[in-house]
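Work through these exercises with the structure open beside you. Try each task before you read its solution.

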Amino acid sequence: MDKAKRNAVIAGNWKMNMTPAETEAFMKELAPKVADVKSAKVVLCVPFVDIAAAVAATKGTNIGIGAENVHMEEKGAYTGEISGKMLTACGVQYVIVGHSERRQYFGETDGTVNARAKAALANGLTAIICVGETLTEREQGVTFETVSRQTKIALLGVEKEQMKNVIIAYEPVWAIGTGRTATAEQAEEVCAAIRGVIASVYDTETAEATTIQYGGSMNAKNAAELLAQKDIDGGLIGGASLKPDDFTVIVKAAD
Ligand code: PGA
């Protein structure tokens, strides 16, 4: 499939930033700037407490709202957690699963990422599943093994029909929040390998239809070159998604 036929998705990841009032102001500023975007999908994944403000402020716009995590169970005694059912009830359409900060600081494993991804899909959410190697893994030459293992386990039990609601975000851990972006060649090489893994798990058609994002210090300056790569269909943007003007430049580069 031609890259142009895949969904280009630019998703912001706000991490632990912004209050509801700041969220409302941000969305009101961003909406007119991206109103004329045609092919790219614009998504902002926000902290749970900002979801209501984000959904209300983007009503009737082309901005979709996502969460940053989802629990694997629908309800129950899981203090501090939020289920997929709760998210969809609040108007959330996307959710980030398995971000490296969750893996690093909150004990997420390939197994929990898989369980959360399946819960997201079962609730009709689009799961943005993050994979990526650490600096040590890159230096030791096991980038492809790492990313392949993470992708395969994240997709365990995910049906082929559900893949239309899966986005894979390739985020080399050493590039996140460091200002040290992967080169376009490095990013393309791994995104192409991920597409190969999806083809081996499902089939070529499914792999060709899957949106694969790059994330890790993507910004207004480097976005166009990264997004021009054959297998990079979008971006997961941290720092630059907190600035409406920078985020707009990235969205337009994908459009
Ligand atoms: P960054 O974060 O753009 O600030 O590097 C990306 C991410 O963590 O998703």
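**Exercise 1.** In this predicted model, decide whether Asn165 is buried, partly exposed or exposed. Then find its place and its contacts.

*Solution.*
Step 1. Take the relative accessible area of Asn165, which is 24%.
Step 2. Compare it with the cut-offs: buried means under 20%, and exposed means over 50%. Asn165 is therefore partly exposed, at 24%.
Step 3. Trace the chain. Asn165 sits in the loop between helix 7 and strand 6 (166-170).
Step 4. Look for contacts, leaving out residues up to four places away in sequence. Asn165 touches Leu121, Leu125, Thr126 and Ala127.
Step 5. Check a C-alpha distance. Asn165 and Ala120 are 45 residues apart along the chain, and their C-alpha atoms are separated by 9.4 Å.

**Exercise 2.** Which element holds Thr211, and what does its side chain reach?

*Solution.*
Step 1. Thr211 belongs to strand 7.
Step 2. Its relative accessibility is 5%, so Thr211 counts as buried.
Step 3. A polar atom of the Thr211 side chain lies 2.8 Å from the backbone oxygen of Asn7.
Step 4. Asn7 also appears among the residues that Thr211 touches beyond four places in sequence; the others are Val9, Val166, Ile167, Ile168 and Asp233.
Step 5. Return to Asn165. Thr211 is 46 residues from Asn165 in sequence, yet their C-alpha atoms are 9.3 Å apart.

**Exercise 3.** Stay in strand 7 and describe the surroundings of Gln213.

*Solution.*
Step 1. Strand 7 spans residues 211-215 and includes Gln213.
Step 2. Gln213 counts as buried because its relative accessibility is 0%.
Step 3. The Gln213 side chain reaches the backbone oxygen of Gly235 at 3.3 Å.
Step 4. Beyond four places in sequence, the contacts of Gln213 include Val9, Ala11, Ile128, Cys191 and Leu236.

**Exercise 4.** How many residues make up the largest nonpolar core, and which have the most contacts inside it?

*Solution.*
Step 1. Start with a general rule. In soluble globular proteins, nonpolar side chains tend to be buried together.
Step 2. Count the residues. The largest nonpolar core has 64.
Step 3. Pick out those with the most contacts inside this core: Met27, Leu44, Ile129, Ile194, Ile198 and Tyr214.
Step 4. Ask which element gives the largest share. Helix 8 (residues 184-201) does, with 6 residues.
Step 5. Zoom in on Tyr214. Leaving aside neighbours within four places in sequence, its contacts include Tyr170, Pro172, Ala187, Leu226 and Ile232.
Step 6. Look for another core. One of 11 residues lies apart from the largest core, and among its members are Val43, Tyr94, Ile96 and Ile167.

**Exercise 5.** What surrounds the ligand, and how much of it does the protein cover?

*Solution.*
Step 1. The ligand is surrounded by 13 residues. The closest are Lys15, His99, Glu171, Gly177 and Ser217.
Step 2. Sort the shell by class. It has 4 nonpolar, 7 polar and 2 charged residues.
Step 3. List polar contacts to ligand oxygen atoms. A polar backbone atom of Gly177 lies 2.6 Å from one. For a backbone N or O atom of Gly238, the distance is 2.9 Å. For an N or O atom in the Asn13 side chain, it is 3.5 Å.
Step 4. Find the cover. On its own, the ligand has 280 Å² of accessible area, and the protein covers 95% of that.

**Exercise 6.** Compare the backbone and the exposure of Ser217 with those of Met18.

*Solution.*
Step 1. Recall the general rule. Most residues other than glycine have a negative phi.
Step 2. Read phi for Ser217. The angle is near 55°, a positive value.
Step 3. Read phi for Met18. The angle is near 85°, again a positive value.
Step 4. Place both residues. Ser217 is in the loop between strand 7 and helix 10 (223-227). Met18 is in the loop between strand 1 (9-13) and helix 1 (20-34).
Step 5. Classify both. Ser217 has 17% relative accessibility, so Ser217 counts as buried. Met18 has a relative accessible area of 22%, so Met18 is partly exposed.

Conventions:
Residues numbered from 1 in each chain as written. Predicted model: local features only at pLDDT ≥ 70, side-chain atom pairs only at ≥ 80, totals over all residues. Heavy atoms only, no water. Near = heavy atom within 4 Å. Polar contact = N/O pair within 3.5 Å; in protein donor to acceptor, adjacent residues only side chain to side chain. Areas by Shrake-Rupley, 256 points an atom, 1.4 Å probe, with all protein chains shown as cover. Nonpolar A, V, L, I, M, F, W, Y, C, P; charged D, E, K, R; others polar. Core = buried A, V, L, I, M, F, W, Y, C linked by side-chain atoms within 4.5 Å. Buried < 20%, exposed > 50% of the residue type's maximum accessible area, 1.4 Å probe, protein only. Helix = DSSP H or I, 4+ residues; strand = E, 2+ residues; numbered from the N terminus. Contact = heavy atoms within 4.5 Å.
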